Amino acid sequence: MSEFMTNFWAFNANTSGGQWAYVTVSWALLALTYAGYVLFLNRKFRRLKEGTVQSTEK
Amino acid sequence: MNRRFSAVNLRRPVWLSALGGLALLGFLLGAWYGLVVSPAEATQGELYRITYIHAAAATMGLVGVIVLGVCAVLYLWLGKPIYDLYAVAAAEVSTLFLALTVFGGMIYSKPTLNAFWAWDARLTLSGIMLVLMVGYFVVRALIDDPVRAGRVSAVVALIIAAGAPLNRMATTLFRTVHPARSASIPPDLQVALLINMVAALLVFAYLFFERGRLGRLEAQLEEETSPAPQGTGGVIRV
């Protein structure tokens, strides 16, 4: 394994590799939170949509 | 039957889809500038790339809290349930951004301050604000009557919103380890920060309106399945 990757996985903040590890985690947290919330809203919307259609049919 | 809400179109409006697309493009452009184009900073090195999203999320968290405060005032003043729905939307989205600020900040804090947490004015105020936002939803869940839940939670929202300026000015009012707002940013890094700020604003706007639409659909469904409250004529009086 290259020195960069060793420092990356060790989260060694004094090196470029370790710093990129923190940057990656932060950006991944942001992207996953956005994606997760959008999926949550879409699922909830689909469930409500089904409920609306059923209540109209009644 | 008097309807408290206009019927919600089940198809997403074109402008909302366009806003969602713009938000996604903004996020991708911000990631490109923040992770690829922008150079490493002189003191913090690569770690500075976290600032682009951390500062943007923190700003949107506070913007959300102010939007929540405005919706709460309008609900208490005019009594229209639509403002309560949008207050919930603002509360949910700003909680998301505040959580990103606090937890993202902890990740940023570890390599720069050598600790995940410091009992410092800015960090503590942000933590308290996040806890209060969770409290907002707890209050809503504890009260069965939707009108009363809306009014009580609007008061809670105003208390939270009143803390937003203090949080914003914490770095100038108190001695803190958190970098001040006025800290100079090199011009070539300012572009990446600006793009990520605009991207976060677009994401915030998209999520806010999408959550608002969902809230309206939820209210419409509730209205169709349960009778309107007696004696109010479908209008909530505060």
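**View 1. A pocket, and what surrounds it.** A pocket here is an open set of grid points where a 1.4 Å probe fits, with protein on both sides within 12 Å along at least five of seven lines. Keep in mind that this is a predicted model. Its largest pocket has a volume of about 930 Å³. How many residues line the largest pocket? The count is 36, and those nearest its centre are Thr51(B), His54(B), Ala55(B), His178(B) and Pro179(B).

**View 2. The helices that line the largest pocket.** Five helices of chain B each bring at least two residues to the lining: H2 (49–78), H3 (81–113), H4 (121–142), H6 (164–173) and H7 (187–225). Which helix gives the most? That would be H3(B), with 9 residues. Sort the lining by class and you get 19 nonpolar, 13 polar and 4 charged residues.

**View 3. Chain B from end to end.** Step back for a moment and follow the chain along its sequence: the pattern reads α-α-α-α-α-α-α. In other words, chain B has 7 helices and 0 strands. Its C-alpha trace spans about 65 × 40 × 25 Å along the principal axes. Chain B has 238 residues, and 47% of them count as buried.

**View 4. A nonpolar patch on the surface.** Leu29(B), Trp32(B), Val36(B) and Val37(B) make a nonpolar surface patch of about 390 Å². Pick out Val37(B), which sits in helix H1 (residues 14–37) of chain B. Is Val37(B) buried or exposed? Somewhere in between: its relative accessibility is 43%, so Val37(B) counts as partly exposed.

**View 5. Leu201(B) and a distant partner for comparison.** Leu201(B) belongs to helix H7 of chain B. With 45% relative accessibility, Leu201(B) counts as partly exposed. Now find Arg151(B): Leu201(B) and Arg151(B) are 50 residues apart in sequence, and their C-alpha atoms are 28 Å apart in space.

**View 6. A salt bridge between chains.** Side chains of opposite charge can pair when their charged atoms come close. Searching the whole structure turns up 6 salt bridges over all chains. One of them joins Glu218(B) to Lys44(A), with 3.6 Å between the closest N and O atoms. This pair crosses from helix H7 of chain B, home of Glu218(B), to helix H2 (residues 16–57) of chain A, where Lys44(A) lies. How covered are the two partners? Glu218(B) is partly exposed, at 28% relative accessible area, while Lys44(A) is buried, at 16%.

**View 7. A salt bridge between two helices of chain B.** Here the side chains of Arg211(B) and Glu92(B) meet in a salt bridge, 3.0 Å from N to O. Arg211(B) lies in helix H7 and Glu92(B) in helix H3 of chain B, so their pairing ties together parts that are 119 residues apart in sequence. Both Arg211(B) and Glu92(B) are buried.

**View 8. A salt bridge within helix H7.** Arg213(B) pairs with Glu210(B) in a salt bridge whose closest N and O atoms are 3.2 Å apart. Why are these two separated by about one helical turn? Because Arg213(B) and Glu210(B) are 3 residues apart in helix H7 of chain B. Arg213(B) is buried, with a relative accessible area of 6%, and Glu210(B) is buried too, at 4%. There's a third member to look for: salt bridges with shared partners join Arg12(B), Glu210(B) and Arg213(B) into one network.

Notes
Residues numbered from 1 in each chain as written. Chains lettered and ligands numbered in written order. Predicted model: local features only at pLDDT ≥ 70, side-chain atom pairs only at ≥ 80, totals over all residues. Heavy atoms only, no water. 1 Å grid on protein atoms, 1.4 Å probe; cavity = no way out; pocket = protein on both sides within 12 Å on 5 of 7 lines; lining within 4 Å. Points joined across faces, edges and corners; volume = space filled by probe spheres on them. Helix = DSSP H or I, 4+ residues; strand = E, 2+ residues; numbered from the N terminus. Nonpolar A, V, L, I, M, F, W, Y, C, P; charged D, E, K, R; others polar. Patch = residues over 30% accessible without salt bridge, like charges linked within 9 Å, V, L, I, M, F, W, Y side chains within 5 Å. Areas by Shrake-Rupley, 256 points an atom, 1.4 Å probe, with all protein chains shown as cover. Salt bridge = Lys/Arg side-chain N within 4 Å of Asp/Glu carboxyl O. Buried < 20%, exposed > 50% of the residue type's maximum accessible area, 1.4 Å probe, protein only.
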